[in-house]
Amino acid sequence: MPIYQTTAYVFRDADHAAKLFNLQEVGYIYSRLTNPTVSALANRVVALEGGAGGIACSSGHAAQIMALFPIMAPGRNIVASTKLYGGTIQQFSNTIRKFGWSAKFVDFDDPKEIEKAIDADTRAIFCETICNPGGALSDLPAIARVADMAGLPLIVDNTTASPYLCRPIEHGATLVVHSATKYLTGNGTVTGGIMVDSGKFNWSASDKFPSLSQPEPAYHGLVFHPTLGNMAFTFHSIAIGLRDLGMTMNPQGAHYTLMGIETLGLRMQRHVENAQVVAEWLEQDPRVGKVTYPGLKSSPYYHLAQKVTPKGPGALFTFSVKGGYEACVKLIDNLKLFSHVANLGDTRSLVIHSASTTHRQLSEEAQIKAGAAPDVVRISIGIENVEDIIADLDQALAKATA
Ligand SMILES: *Cc1c(COP(=O)(O)O)cnc(C)c1O
């Protein structure tokens with residue numbers, strides 16, 4: 001796939017230009033909307049997820065805003081899991097309030113809690129397949145049933161599973177979002193996001209989604225759904241979302257992510273293999289407390305993992321170190337093979353102490369709820385030789401608990 005390092009595209013003639021702007025013909029106008037390299041990336045992830053359409057954008061956080069944008073309006077809310085990535089909890093707690101949107105956080109382990117939180121202004125349900133950082137899994141079929149009953153779209157952040165381990169649309173998700181920064185690219189070179197639409201939600205079934213089902217003033221009164229069928233959401237995202245919010249991915253970034261995706265299957269196989277071995281080793285170690293990997297029989301999510309992520313429940317989990325906060329900090333300072341970074345899903349093993357970094361702005365109570373208690377470190381297991389990973393943890397644990 002070439003890198004189209006191109007901003008604008010020559011129209012064949014005046015009629016061609018008019019048709020493109022009227023969405024009567026699909027083509028390239030300006031790279032804030034679409035670009036051939038960026039579209040190729042979006043379409044590949046759409047294919048991997050089994051969706052109808054989608055867009056690539058500038059970051060995972062941008063993808064979340066793009067997913068919410070067509071369905072939200074001032075005064076509307078979403079019901080979201082308490083176990084989301086800390087950055088997403090921030091985005092949903094504070095920043096989206098500036099748009100007049102809000103989020104209600106509930107425990108998604110109990111579908112009745114979700115049901116109870118839904119009100120007349122709720123417009124979406126939002127969760128993560130494998131929750132970051134706590135190693136909890138979402139029971140996607142059960143959550144999708146609640147969303148269905150309420151006539152609401154289910155948005156699933158599938159970053160930590162990748163479409164290799166889980167395809168949320170097959171479990172009932174309406175929209176899937178990704179931070180392409182993580183496993184999709186795989187090597188820490190790109191900040192990017194993807195939004196995939198299943199094409200399965202009937203936006204015209206109620207009057208809850210007027211931007212899609214009523215004449216849209218932001219696009220000369222076009223009624224996106226049902227006029228544009230299962231591509232209604234995708235076209236809205238391009239024609240209005242990307243056009244006006246400009247959270248566009250650049251072609252060079254798309255190129256790196258396209259290269260990354262070529263090895264996604266191989267990498268994910270090795271990630272889950274290594275994670276299982278490391279989690280089992282940690283669990284039997286007397287210097288270590290609780291290990292949250294859902295591939296362990298001791299995990300409350302073990303049986304759910306067989307259903308939702310049968311090839312392996314990712315490579316991201318936490319463990320507690322006997323000796324608390326101090327021991328965690330010492331452990332991190334003594335690890336050599338692990339990189340100490342605020343990232344996950346890299347080929348290299350990564351470690352972070354969530355309570356003092358990514359989840360720092362949350363209260364201790366919220367940290368514990370999110371699986372980021374002060375005595376816990378989060379690791380993202382890479383694709384190195386697993387014996388090297390264990391040797392590094394072993395020597396650092398010795399120093400941390402001496
Ligand atoms: C990193 C991450 C995001 C945000 O993605 P960015 O590319 O950093 O904007 C969202 N959700 C999850 C689960 C993440 O890990």
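A crossing of two helices is called right-handed if the near helix is turned clockwise from the far one by less than a right angle, and left-handed if anticlockwise. The legends below describe close-up views of a predicted model.

**View 1. Helices α3 and α9 meet in a right-handed crossing.** Helix α3, which spans residues 60-68, packs against helix α9, residues 232-245, at an angle of about 120°, and the two axes lie 10 Å apart. The angle falls outside the ranges for roughly parallel, antiparallel and perpendicular pairs, and α3 and α9 are therefore oblique to each other. On the side of α3, the contact is made by Ile-65, Met-66 and Ala-67, while α9 contributes Phe-233, Ser-237, Gly-241, Leu-242 and Leu-245. Sorted by class, this contact of α3 with α9 holds six nonpolar and two polar residues, with no charged residues.

**View 2. His-236 in helix α9 and its surroundings.** His-236 belongs to helix α9 and counts as buried, because its relative accessibility is 1% and the limit for a buried residue is under 20%. Not counting residues up to four places away in sequence, His-236 touches Phe-69, Pro-70, Ser-211, Leu-212, Glu-216, Phe-224 and Gly-241. Among these, Gly-241 is also one of the α9 residues that make the contact with α3.

**View 3. The loop between α8 and α9, with a cis peptide bond and a positive phi.** Most residues other than glycine have a negative phi, and most peptide bonds are trans. The peptide bond from His-225 to Pro-226, however, is cis, with omega near 10°, and Pro-226 is found in the loop between α8 (210-213) and α9. The loop between α8 and α9 also holds His-220, which has a positive phi of about 30° although it is not a glycine. At 57% relative accessibility, His-220 counts as exposed.

**View 4. Ser-162, a residue with positive phi in helix α7.** Ser-162 is not a glycine, yet it has a positive phi of about 70°. The residue lies in helix α7, which covers residues 162-165, and with a relative accessibility of 1%, Ser-162 counts as buried.

**View 5. Helices α11 and α15 cross in a right-handed manner.** The axes of helix α11 (residues 264-283) and helix α15 (residues 386-400) come within 10 Å and cross at roughly 30°. Since angles under 35 degrees count as roughly parallel, α11 and α15 are therefore roughly parallel to each other. In this pairing, Asn-274, Val-277, Val-278, Trp-281 and Leu-282 of α11 meet Val-386, Ile-389, Ile-390, Leu-393, Asp-394 and Leu-397 of α15. The contact of α11 with α15 has, by class, nine nonpolar residues, one polar and one charged.

**View 6. Cys-127 and Cys-131, two buried cysteines without a bond between their sulfurs.** The cysteine sulfur closest to that of Cys-127 belongs to Cys-131 and is 7.2 Å away, which is too far for a bond, because a disulfide requires sulfur atoms within 2.5 Å. Cys-127 is buried, with a relative accessible area of 0%, and Cys-131 likewise counts as buried, at 3% relative accessibility. By this distance rule, the count comes to zero disulfides.

**View 7. Ser-39 in helix α2.** Ser-39 is found in helix α2, residues 36-49, and is buried, with a relative accessible area of 14%. Leaving aside its neighbours within four places in sequence, Ser-39 is in contact with Tyr-28 and Thr-34.

How values were computed: Residues are numbered from 1 along each chain as its sequence is written. This is a predicted model: local features need pLDDT of at least 70, side-chain atom pairs count only at pLDDT 80 or more; totals for chains, interfaces and linings use all residues. Side-chain values use heavy atoms; hydrogens and water are left out. Axes are lines fitted to C-alpha atoms, for helices over the stretch in contact, and angles run from 0 to 180 degrees between N-to-C directions. Helices (H or I, at least four residues) and strands (E, at least two) are DSSP runs, numbered from the N terminus. Angles under 35 degrees count as roughly parallel, over 145 as roughly antiparallel, 65 to 115 as roughly perpendicular and the rest as oblique. Contact means heavy atoms within 4.5 Å. Ala, Val, Leu, Ile, Met, Phe, Trp, Tyr, Cys and Pro count as nonpolar, Asp, Glu, Lys and Arg as charged, and the others, Gly among them, as polar. Buried means under 20% relative accessible area, exposed over 50%, partly exposed in between (1.4 Å probe, protein chains only).
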